[in-house]
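Please look through the structure shown here before reading on, and keep it open beside the text. The report goes from one topic to the next under short headings.

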There are 2 protein chains.
Amino acid sequence: MSETETSSPKRDHLMATAWRLFYRDGFRAVGIDLILAEAGVAKMTLYNHFSSKEELIVALLEKRDRELRAAMAATVEVAGKSPTKRLLAVFDWLEGWFGSPDFNGCVFIRALSEYPEATHAIHRTAWNHKVAVKEMLAQLCAAAGASNPAGLAETLSLLIDGAIVAAHGTRATGSARSARATAATLLKLAAA
Amino acid sequence: MSETETSSPKRDHLMATAWRLFYRDGFRAVGIDLILAEAGVAKMTLYNHFSSKEELIVALLEKRDRELRAAMAATVEVAGKSPTKRLLAVFDWLEGWFGSPDFNGCVFIRALSEYPEATHAIHRTAWNHKVAVKEMLAQLCAAAGASNPAGLAETLSLLIDGAIVAAHGTRATGSARSARATAATLLKLAAA
DNA sequence: AAGGGAATAGACAGAACTGTCTATTTTATG
DNA sequence: CATAAAATAGACAGTTCTGTCTATTCCCTT
């Protein structure tokens with residue numbers, strides 16, 4: 001949407017700090033004042049770059065969306081040429097993410113949860129990410145010769161989001177492996 | 001855990017109001033004062049029954065856990081004797097839930113999200129529910145003759161939680177049908 | 001009818017919240 | 001070096017938050 005945002009060091013540092021605190025503790029749990037104190041930035045600097053806390057959160061989600069999809073795309077690219085391997089690489093990447101020390105769930109699911117109302121800007125932005133990821137998956141499914149790529153991508157999305165929730169609840173990586181195994185099974189069936 | 005809680009009309013009414021507001025807007029978004037005003041109850045009444053807001057939330061989650069599992073069990077019971085039908089009835093029930101007018105996601109996933117820290121009482125209580133549901137699913141999978149009931153139950157849990165997140169993002173019931181179809185496929189494979 | 005436990009209203013403390021404003025200083029650029 | 005833009009500290013308003021306390025009133029049971 002809004003790509004007029006000029007990148008500046010202060011702005012970037014503010015966003016990095018805000019991201020860290022929001023992701024660790026939650027959007028409503030973290031106040032503006034804490035972010036400013038941790039970032040060592042004046043309040044007016046924040047309000048010169050963002051008109052409200054809500055807009056800051058939306059900007060963070062959009063940034064994270066871009067980064068995450070880029071990381072996914074890179075993971076797929078590294079996985080080689082086999083369509084099956086490329087698709088399953090997404091699940092291996094999930095497993096690595098779940099195992100990383102500061103994994104704390106999916107910020108988009110958490111945003112949907114904290115701002116549950118359908119019309120809320122943060123809710124919609126968070127869901128936009130999930131739709132975009134599903135479209136990426138559909139591309140991969142199509143490349144793998146699935147008869148119904150969109151349908152398979154929908155199912156894989158369910159598995160992925162379920163696995164993220166489970167990893168957040170257990171702090172274990174097993175759900176990624178379960179999801180991967182199911183994905184492999186479904187892919188084999190769909191490409192038959 | 002704590003089953004010493006005496007049931008009283010005031011307490012029940014307070015919990016019903018708190019549930020409605022928390023589920024609609026979120027735990028951190030709803031203040032004690034709003035609950036009290038909506039319930040028409042004095043502040044000391046709350047603090048005579050619960051030592052803190054956190055304890056109120058935990059009590060609500062435990063109550064909802066009991067109700068939800070009872071509803072699931074009833075759904076399964078009504079579905080007849082066929083193990084497959086009993087298992088798939090859970091997904092039909094999901095679809096009905098997603099379509100109900102005040103569906104607003106899964107309160108347990110939302111609690112995990114709002115209190116992301118693993119050691120937090122609310123986080124743990126919320127995850128306990130997911131574990132309990134998974135165990136119910138494992139029973140159903142075993143009855144359906146699955147070779148690895150626990151493994152299948154894990155996968156079905158992923159599908160269910162993914163479907164709930166998707167329904168919260170889309171306000172549509174389609175994810176329940178996708179999950180159901182996948183569950184049916186997996187069940188057929190597992191019972192072979 | 002009397003006594004006791006529960007509920008009440010409402011003040012209160014003390015902190016935290018978002019967002020605004022001003023006056024000053026720093027920083028970058030011509 | 002000069003000027004304009006950006007960032008600063010910090011006060012401020014006005015609200016909201018959880019939890020505590022007191023003094024009064026309601027209601028149920030004996």
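The sections below describe the two protein chains, the DNA strands beside them, and a few individual residues.

## How the two chains are related

This is a predicted model, and every statement that follows should be read with that in mind. Two copies of a chain are, in general, related by a rotation about an axis together with a shift along that axis. Here, chain A can be laid on chain B by a turn of 180 degrees and a shift of 0.0 Å along the axis, with an RMSD of 0.0 Å. The two copies are therefore related as by a two-fold rotation axis.

Which residue of chain A comes closest to the rotation axis? It is G162(A), whose C-alpha atom is 2.1 Å from the axis. The same surface serves both copies, since 100% of the contact residues of chain A recur in chain B.

## The surface near DNA strand C

DNA strand C is surrounded by 16 residues, and the closest of these are I32(A), K43(A), M44(A) and K53(A) from chain A, together with T45(B) from chain B. By class, the surface near this strand has 7 nonpolar, 5 polar and 4 charged residues. Helix 2 (32-39) and helix 3 (43-49) of chain A, along with helix 3 (43-49) of chain B, each supply at least two residues of that surface.

Of the atoms of DNA strand C within 4 Å of the protein, 55% belong to sugar or phosphate, while the rest belong to bases. Individual atom pairs show both kinds of partner. A phosphate oxygen of DNA strand C lies 2.6 Å from a backbone N or O atom of I32(A), and a phosphate oxygen of the strand is 2.9 Å from an N or O atom in the side chain of K10(B). The side chain of K43(A), by contrast, has an N or O atom 2.7 Å from a base oxygen of DNA strand C.

## The surface near DNA strand D

DNA strand D also has 16 residues around it, of which T45(A), I32(B), K43(B), M44(B) and K53(B) come nearest. Sugar and phosphate account for 55% of the atoms of DNA strand D that come within 4 Å of the protein. The residues of the surface near this strand divide into 7 nonpolar, 5 polar and 4 charged.

Both chains provide polar atoms beside the phosphates of this strand. In chain A, an N or O atom in the side chain of K10(A) is 2.9 Å from a phosphate oxygen of DNA strand D, and a backbone N or O atom of A42(A) lies 3.0 Å from a phosphate oxygen of the strand. In chain B, an N or O atom in the side chain of Y47(B) is 2.9 Å from a phosphate oxygen of DNA strand D. The elements that give two or more residues to the surface near this strand are helix 3 of chain A together with helix 2 (32-39) and helix 3 of chain B.

## Helix 5 of chain A

How far apart are the end C-alpha atoms of helix 5 of chain A? They are 25 Å apart, which agrees with the 24 Å that its 17 residues (residues 83-99) should span at 1.5 Å a residue.

The buried residues of helix 5 of chain A include R86(A), F91(A), L94(A), W97(A) and F98(A). The buried residues of this helix pack against helix 1 (9-25), helix 4 (53-78), helix 7 (121-143), helix 8 (149-170) and helix 9 (174-190) of chain A.

## Some individual residues

Is E154(A), a residue of helix 8 of chain A, buried or exposed? Its relative accessibility is 13%, so E154(A) counts as buried. Leaving aside its neighbours within four places in sequence, E154(A) is in contact with K134(A) in its own chain and with S175(B) and S178(B) in chain B.

R171(A), found in the loop between helix 8 and helix 9 of chain A, has a positive phi of about 60 degrees although it is not a glycine. With a relative accessibility of 34%, R171(A) counts as partly exposed. R171(B), in the loop between helix 8 (149-170) and helix 9 (174-190) of chain B, likewise has a positive phi of about 60 degrees without being a glycine, and R171(B) is partly exposed at 36% relative accessible area.

H120(B) lies in the loop between helix 6 (107-114) and helix 7 (121-143) of chain B. Apart from its neighbours within four places in sequence, H120(B) is in contact with E54(B) and Y115(B). The C-alpha atoms of H120(B) and E54(B) are separated by 9.9 Å, although these two residues are 66 residues apart along the chain.

Note on methods: Residues are numbered from 1 along each chain as its sequence is written. Chains are lettered from A and ligands numbered from 1 in the order in which they are written. This is a predicted model: local features need pLDDT of at least 70, side-chain atom pairs count only at pLDDT 80 or more; totals for chains, interfaces and linings use all residues. Side-chain values use heavy atoms; hydrogens and water are left out. A residue is near a molecule or strand if one of its heavy atoms lies within 4 Å of it. A polar contact is a pair of N or O atoms within 3.5 Å; within protein, one must be able to donate a hydrogen and the other to accept it, and residues adjacent in sequence count only if both atoms are side-chain atoms. Helices (H or I, at least four residues) and strands (E, at least two) are DSSP runs, numbered from the N terminus. Ala, Val, Leu, Ile, Met, Phe, Trp, Tyr, Cys and Pro count as nonpolar, Asp, Glu, Lys and Arg as charged, and the others, Gly among them, as polar. The expected span of a helix is 1.5 Å times one less than its number of residues. Buried means under 20% relative accessible area, exposed over 50%, partly exposed in between (1.4 Å probe, protein chains only). Contact means heavy atoms within 4.5 Å. Copies are superposed by least squares on the C-alpha atoms of residues with pLDDT of at least 70 in both.
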